[in-house]
Amino acid sequence: MARSPSSRSSGGRPPRSSRSPSRWKRRLGLAIKILLGLGVVAFGALVIAVYVARSQLPSFEELKSSPNGQMIRVHAADGTVIVSLGPSYGEWLPYNRIPEVMRDATVAVEDSRFRSHPGVDPIGIVRSLWVNYERGRRVQGGSTITQQLARTVFLSSQKKFGRKFREAILALALERSFSKDQILELYLNKVYYGGGAYGIDAASRKFFGHGADRLSLAEAAVIAGLVKAPSNYSPTADADAAKGRAGVVLRQMVRNGYITPSQAEQANPEGMKLAPEPPQNSARYFTDWALPQLDMLIDETQAPLEVWTTIDPAMQRQADAAIRANVPAGAQGALVSLDRDGAVRAMVGGTDYVTSIYNRATQAQRQPGSAFKLFVYLAALEAGHKPEDVVVDEPVTIDGWSPRNDSRRNSGPVTLRTAFAYSINTVAAKLGQEVGFNTVADMARRFGITTTVNTHPSMVLGTSDVRLIDMTRAFASVAAKGVAVVPYGITKVTANGETIYTHEVDRSRVLVAPYVAAEMTDLLQTAVNTGTGRQAQIGRPVAGKTGTTSSEKDGWFLGFSSGLTTGVWMGRDDAKPVRGLHGGTAPARAFAAFMKPATASRPIEQFDTQVTLPEWQMEPDEESYFGQPDNGSFVDENGGPAAQQPADPNLPADAPEDRAPPARTPQQQLDDLIDSVSGRDSPTPREPQRREGPQQPGTAAGSGAATPPRQPAVPRPGQDARPIQ
C-alpha cells in the first residue's frame with residue numbers, strides 16, 4: 001500500500017531542528033577535549049620549565065654574593081675614598097635582623113598576598129588589569145615580590161611578553177627552591193631603591209644616614225615606597241613626593257592589618273629628617289676625567305672595582321681655594337698640577353662642579369697667548385740659539401702681518417733672555433720666521449699639544465686653541481729636563497682583592513736635549529723673577545710663563561717648582577673680555593696661592609742654571625710688576641692686529657712691555673725734552689748709571705740706592721751677537 005506524503009516525511013530524516021543540538025554538542029565536546037589536552041600539555045611544559053629553571057638556579061648563598069651592576073670606589077693617593085660611583089651595596093641583613101616594620105611595609109605595598117600565592121598571583125593580575133582598564137592607562141602592576149626578585153637578579157626591565165613569561169617561570173622556580181622568608185630576605189637586600197642604592201641598608205644609609213636595622217616606621221615606609229618609581233620618589237630628588245608616597249604605604253599597612261591607624265598617624269613622615277646630600281666637590285672634575293680611561297686599561301665590567309688614583313686631597317682643596325679666591329667676578333678658572341712623573345695631584349675644572357660639570361682643565365680649548373712662546377723659544381734653542389744671543393727688536397712684517405709690542409715701542413738690540421722675560425712680540429715673530437713656523441708647530445705637537453696648531457706667522461703669539469692639561473704637560477716636560485711627561489690619574493685597579501692593573505711610568509722618550517731644556521728653564525725663571533710673572537713668586541726657585549689673549553679674554557700662568565708643575569687658566573666660557581685679566585695678575589696669583597702650600601713640605605730644588613737678570617732690571621723696592629697685558633692684546637682672533645689703546649706718552653722707548661712705566665725723574669724729563677728738540681728722540685740705548693761697589697753677575701742687586709733701567713746689551717766687537725734681521 002502506498003504511503004502518503006505525510007507518512008513519508010515523518011518516516012524519513014529527522015527535522016533540522018532536532019539534528020543541530022547534537023552536532024554542536026559534539027563540536028563543543030571536541031573543543032573542550034582539545035583545550036583540556038592543550039592545557040595538560042601546557043601545564044606539563046610549565047612544570048618541566050619550572051623544574052628545569054629550578055635545577056639551574058644558583059644556591060641561596062650564591063645569590064647573596066652576586067651584585068647587580070658594577071660598583072666603583074675611587075681612592076685618593078692617601079687611600080681615602082673620594083667618591084663611590086655606580087651601584088652601592090650596604091651590609092647584608094639576614095631576615096631576623098630586618099626590622100619587622102620594613103618587612104611589613106614592603107609586603108603591604110608591593111604584594112599583599114605574598115604569603116599565599118605560589119610565586120605568581122592570578123588574582124593580583126586580574127585586579128591590576130581591571131584597575132588599568134578603568135583608569136585608561138597603566139597605573140598598577142601585577143608582579144609579585146618573587147617576580148620582581150627574578151627580574152632584578154636574572155632579567156632586564158624591558159616590558160615584553162617574552163620577558164614576563166620568563167619572569168613567571170623563574171618566580172615559580174624560586175618559590176620551589178626557597179622559603180618565603182628567604183625570598184623576602186633576597187628581595188630586601190637586592191632590589192633597587194634609587195640613587196645608586198641596592199638593598200635596604202644602602203638606601204637607609206644614603207637617605208637617613210644610618211643602617212637599615214634601625215629603621216623607624218616612617219623611614220621604612222619611605223624606603224618601601226621607592227620601589228615603584230625610584231627616580232620619582234627619591235628623597236634627594238623630591239622630598240615631598242617621597243613623604244607623600246610614604247603616606248600611601250602607611251595606609252596600605254593599616255588596610256592589611258600590620259599597624260593601627262593611630263600608629264600610622266604617629267609615624268608622621270612629614271616631620272621626618274633626611275640625611276643631607278653630600279656636597280659635590282671639585283674632585284669630581286678629576287674623576288670625570290680619569291674614570292673613562294678604565295675602558296682602555298681593563299676588561300673587567302662586572303666585579304666591583306677599587307680604583308686608586310694620584311689625586312692629593314690636601315692639594316685638591318688648596319687648588320680649589322686658590323681658584324675661588326682669585327678668579328675675577330663672572331669668570332671661570334681651571335687648574336692642573338702634575339708631579340714630576342705626570343701624576344695629577346690636583347685638578348679644578350671650574351669654580352663650582354654642582355652648577356657646571358664642564359671641565360675647563362681638560363675639555364676647553366682656548367688661545368694661550370704668549371704662553372705659546374715656550375715652543376717658539378724651544379725651537380730656537382734647539383736650532384742653536386743661546387739665552388745671551390742678541391736680537392733686534394724692530395718693526396717687522398711677515399707675509400703682510402706686522403706684530404707690535406705692548407709698549408708700541410721697539411728697543412733695538414736685546415738678548416733672548418730679555419725678549420722672553422718681557423714677552424717682546426717682534427722678537428718671537430723673528431725667531432718663528434727664522435726656524436720656520438712648521439718647526440714651531442712640530443715642537444708644540446712633540447711636547448703634547450693635541451689640538452690643531454696653525455702655521456700662520458701669528459701662531460707664535462698663541463693664536464691656536466689649546467687645552468690647559470696639554471700646556472701643563474709641555475711645561476712639565478721642560479721641568480723633566482726634556483723627557484716626555486704624560487699625565488695620568490690611575491695608579492692601580494683591584495677587583496675582588498686582586499690587582500688587575502698597575503700604572504708604569506715611561507721615562508724613555510726624550511723630546512729635546514737636556515741642555516735645551518736647561519736653557520729654556522733659564523728663560524722661564526727669568527720671566528718669574530723679573531718679567532711678566534713676578535706675582536707667581538713663592539719664595540723658592542720658580543720657572544714659568546704668562547699668557548694673555550686679545551681684549552683680555554684669557555689669562556694663563558704655567559710654571560714649575562720643586563718637582564711640581566701647575567697650569568692655571570681664567571676667562572669666560574663665552575669668550576667675552578674680562579676687565580683687568582692678564583696672565584700676570586689673577587692666574588699668577590692663583591698659581592702662587594696654590595704652589596706655596598703645595599710645595600711647603602717638599603725640599604727646595606735649585607735649577608740647573610742660576611737666575612740671570614735681563615736688561616731693564618729694577619730694584620724690587622723701587623718698582624714692582626702690576627701685571628700688564630703680556631702679548632695678545634694686539635692680536636685679534638685671526639692673528640691680525642687688534643684695536644689699540646693710545647700709547648702712554650710717558651713710556652720710555654726702551655721700557656719693556658708688560659710692566660708699569662717707572663716714574664720719570666726731573667733729570668730724565670729734561671733729557672727727553674732735549675732729545676725731542678734736537679731730533680734725538682728715536683729709541684737708542686742709554687748708558688747705564690753705575691752702582692758703587694761690586695755686584696755679582698747673574699744676581700739681583702741688594703737693597704740700596706735705586707738704580708735706573710740698565711741699557712739693552714749691545715754686542716762688543718767679536719761677540720757672537722746672532723742678530724736677526
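Me: Which strands does helix H23 lie across, and at about what angle does H23 run to E14?
Reply: Quick caveat: this is a predicted model, where local features need pLDDT of at least 70 and side-chain atom pairs count only at pLDDT 80 or more, while totals for chains, interfaces and linings use all residues. Residues are numbered from 1 along each chain as its sequence is written, and side-chain values use heavy atoms, leaving out hydrogens and water. Helices (H or I, at least four residues) and strands (E, at least two) are DSSP runs numbered from the N terminus. H23 (residues 586-598) lies across E6 (332-338), E7, E13 and E14, and its angle to E14 is about 145 degrees.

Me: What is the strand order of the open sheet with antiparallel pairing, and which strands stand at its edges?
Reply: Two strands count as paired if DSSP finds at least two bridges between them. This five-stranded sheet runs E7-E6-E14-E13-E12. One side of each edge strand has no neighbour in the sheet, because each has a single partner strand; the edges are E7 (344-348) and E12 (543-548).

Me: How many bridges pair E13 with E14, and which residue in E14 stands opposite Leu 558?
Reply: E13 (residues 554-561) and E14 (residues 564-571) pair in the antiparallel sense over eight bridges. Opposite Leu 558, in E14, you'll find Gly 567.

Me: Helix H22 lies across E12 and E13; at about what angle does H22 run to E12?
Reply: Contact here means heavy atoms within 4.5 Å. Axes are lines fitted to C-alpha atoms, for helices over the stretch in contact, and angles run from 0 to 180 degrees between N-to-C directions. For H22 (residues 514-530), the angle to E12 is about 65 degrees.

Me: What is the bridge partner of Trp 308 in E10?
Reply: Look at the open sheet E2-E1-E5-E10-E11, where the pairing is mixed. In it, E5 (residues 305-309) and E10 (residues 490-495) run antiparallel, joined by five bridges. Trp 308 has as its bridge partner in E10 Lys 492.

Me: Which three residues touch the most other members of the largest nonpolar core, and which helix gives the most to it?
Reply: A nonpolar core is a set of buried Ala, Val, Leu, Ile, Met, Phe, Trp, Tyr and Cys residues joined through side-chain atoms within 4.5 Å, and buried means under 20% relative accessible area (1.4 Å probe, protein chains only). Of its 85 residues, Phe 375, Tyr 377 and Met 520 touch the most other members. Eight residues come from the top contributor, helix H17 (residues 373-382).

Notes
Buried means under 20% relative accessible area, exposed over 50%, partly exposed in between (1.4 Å probe, protein chains only).
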